[in-house]
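Got your viewer open? Keep the selection box handy, and we'll go from the whole chain down to single residues.

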Amino acid sequence: RTQKSHLRVVAVAMHRQGWTVCVLGILLSGSVLISLSANVLSADAVGGAFNAGSSRPRRVGTGARGFRGHISREELQRRRHGVAALASRSPHWATDCDGMMQQQPPLPPAPDDALSFITIGDWGVFGLDVGSDAQLAVSRGMACVARKHPPRFIASLGDNFYPNGVTSVDDAQFEAKFEAVYHDASLHVPWYPSLGDHDHCGDVGAQAAYSRVSTRWTMPRAWYTRYVKIAGGQGGTMQLVVVDWVALEGSFTRAPGDRRFHDKLSAAAGPEAAVAHWEWLREVTRRGNPTWRVVVGHRPLISASARGARDDVQYPAEAAARRAIRDFMESVGVDLWVNGHDHTAQVACSVVKDGSQSNKVTHFMTNGVGGYDLHALRAQSEWSQETQYANNTYHGFAVHRVTKDSIATYFLDDKGDVQHDFVIRRTRTTC
């Protein structure tokens with residue numbers, strides 16, 4: 001089947017320090033062939049809980065607006081080439097690493113047998129008045145670090161598109177806030193996104209569907225898992241589990257208004273989706289015996305942020321979900337939980353006594369400093385006893401190095417300078 005398309009013009013608006021440059025590029029003219037027969041990653045019958053039991057998605061609508069078609073890979077490449085040409089001409093977009101990574105000690109080289117990856121959270125703000133410059137600065141820092149220390153992949157911790165997610169698979173925000181911002185070749189590795197609460201204000205199915213038109217956005221459904229081999233002959237395997245925090249919360253809603261953005265949430269965050277998600281989560285954490293299990297979810301399970309205590313009172317379903325998710329992660333021996341949501345950098349650690357077996361040690365990491373304005377922290381005297389580090393003075397991202405014996409994590413600011421680091425060792429039975 002074919003569909004004719006008229007002339008399409010895309011305007012990319014770039015804002016920095018009070019001036020705006022608009023670049024208009026003609027991306028497609030005349031008639032084009034668009035495949036409508038390809039499978040589309042979208043919501044299934046439970047309303048947004050993507051088909052976790054099949055390697056192929058169900059081809060149904062993605063929300064109130066629906067998925068209207070498939071952007072061809074050729075068209076996407078034409079768009080990217082236009083952005084690359086712009087980058088080569090404009091110092092605003094070109095990645096210049098002069099003056100970066102100057103602080104001592106620098107990020108050390110990764111061990112030869114390490115799996116390296118990057119995490120970044122709460123970044124999708126370009127074009128808004130709450131963090132546009134910060135998102136651009138962080139993307140520059142990421143690019144400069146990634147050139148010197150190439151990552152295997154990048155995990156996004158949610159709130160990918162402020163303020164209300166995306167409306168369809170061809171929403172201009174995919175280009176303006178993702179493709180054009182993280183354009184450097186060093187960042188063209190697989191991105192494994194999770195969904196945040198702001199993403200749930202839009203069409204979450206469209207974010208999964210975008211995997212079919214992007215060469216790096218890799219989101220088969222709202223929750224999914226990946227097994228990644230650690231380099232080296234006996235390196236082992238890391239299981240990356242990506243959960244949809246807002247969907248898991250659906251099991252705990254009891255009344256209208258007990259959840260954040262309750263009036264904007266779809267069936268993708270409802271009770272039926274929650275049941276499916278919890279069943280899937282119990283199954284994938286029983287499966288196999290990975291060397292390390294790392295879980296990515298949007299909201300924190302332990303936090304020193306000032307908003308945390310207020311949110312638990314204002315949103316009882318969120319508070320109940322936080323307790324249940326934390327209990328589950330500790331019970332199955334998750335090694336590292338990584339989240340965004342709180343626009344701070346934090347580390348916490350808990351130990352669960354396990355009878356005659358070794359203690360289960362779980363680290364919790366907040367990394368929500370990818371672009372949006374930063375959040376206040378509670379007074380240090382009010383931090384939980386599990387909190388080991390909390391900072392709200394810089395925007396940035398994190399680099400992780402995984403070997404069969406340890407996970408080393410480095411918080412970096414937008415200059416690529418190390419602000420904090422911590423190491424999880426397999427042999428430890430205490431924090």
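Start with everything selected and a surface drawn: the accessible surface of the protein chain comes to about 17900 Å², and 50% of that belongs to carbon and sulfur atoms. Keep in mind that this is a predicted model. Colour by burial next, and you'll find that buried residues make up 58% of the 431 residues in the chain. Switch to cartoon, where the chain shows eight helices and 15 strands. If you like contact maps, take contacts between residues at least 6 apart in sequence: 75% of them join residues at least 24 apart.

**The seven-stranded sheet**

Now select β6 through β12. They form an open sheet with mixed pairing, and the order across it is β6-β7-β8-β9-β11-β10-β12. Look at the two edges, 224-229 (β6) and 387-391 (β12): each has a single partner strand, so one side of each has no neighbour in the sheet. Going from one strand to the next, the twist averages 15 degrees.

Zoom in on 237-242 and 292-296. These are β7 and β8, paired in the parallel sense over five bridges. Show V242 as sticks and look for its opposite number in β8, which is V296.

**Two helices on the sheet**

Add 271-286 to the selection. This is helix α6, which packs on the sheet and touches β6, β7 and β8. Its direction makes about 175 degrees with that of β7.

Then pick 316-331, helix α8, lying across β8, β9, β10 and β11. Against β11 (360-367), α8 runs at about 135 degrees.

**Backbone oddities in two loops**

Most peptide bonds are trans, and most residues other than glycine have a negative phi. The next stops go the other way.

Select the loop between α1 (73-89) and β3 (115-120), where P105 sits. Which residue does a cis peptide bond join to P105? Q104, with omega at about -5 degrees. In the loop between α1 and β3 you can also click M101. M101 isn't a glycine, yet its phi is positive, about 55 degrees. With a relative accessible area of 24%, M101 is partly exposed.

Last stop: the loop between β4 (153-156) and α3 (173-179), home of P163. A cis peptide bond joins Y162 and P163, with omega about -5 degrees. D159 lies in the loop between β4 and α3 too, and its phi is positive, near 55 degrees. Is D159 buried or exposed? Buried, at 1% relative accessibility.

Key
Residues are numbered from 1 along each chain as its sequence is written. This is a predicted model: local features need pLDDT of at least 70, side-chain atom pairs count only at pLDDT 80 or more; totals for chains, interfaces and linings use all residues. Side-chain values use heavy atoms; hydrogens and water are left out. Two strands pair if DSSP finds at least two bridges between them. Helices (H or I, at least four residues) and strands (E, at least two) are DSSP runs, numbered from the N terminus. Axes are lines fitted to C-alpha atoms, for helices over the stretch in contact, and angles run from 0 to 180 degrees between N-to-C directions. Contact means heavy atoms within 4.5 Å. Buried means under 20% relative accessible area, exposed over 50%, partly exposed in between (1.4 Å probe, protein chains only). Accessible areas come from the Shrake-Rupley method with a 1.4 Å probe; for residues, only the protein chains shown count as cover.
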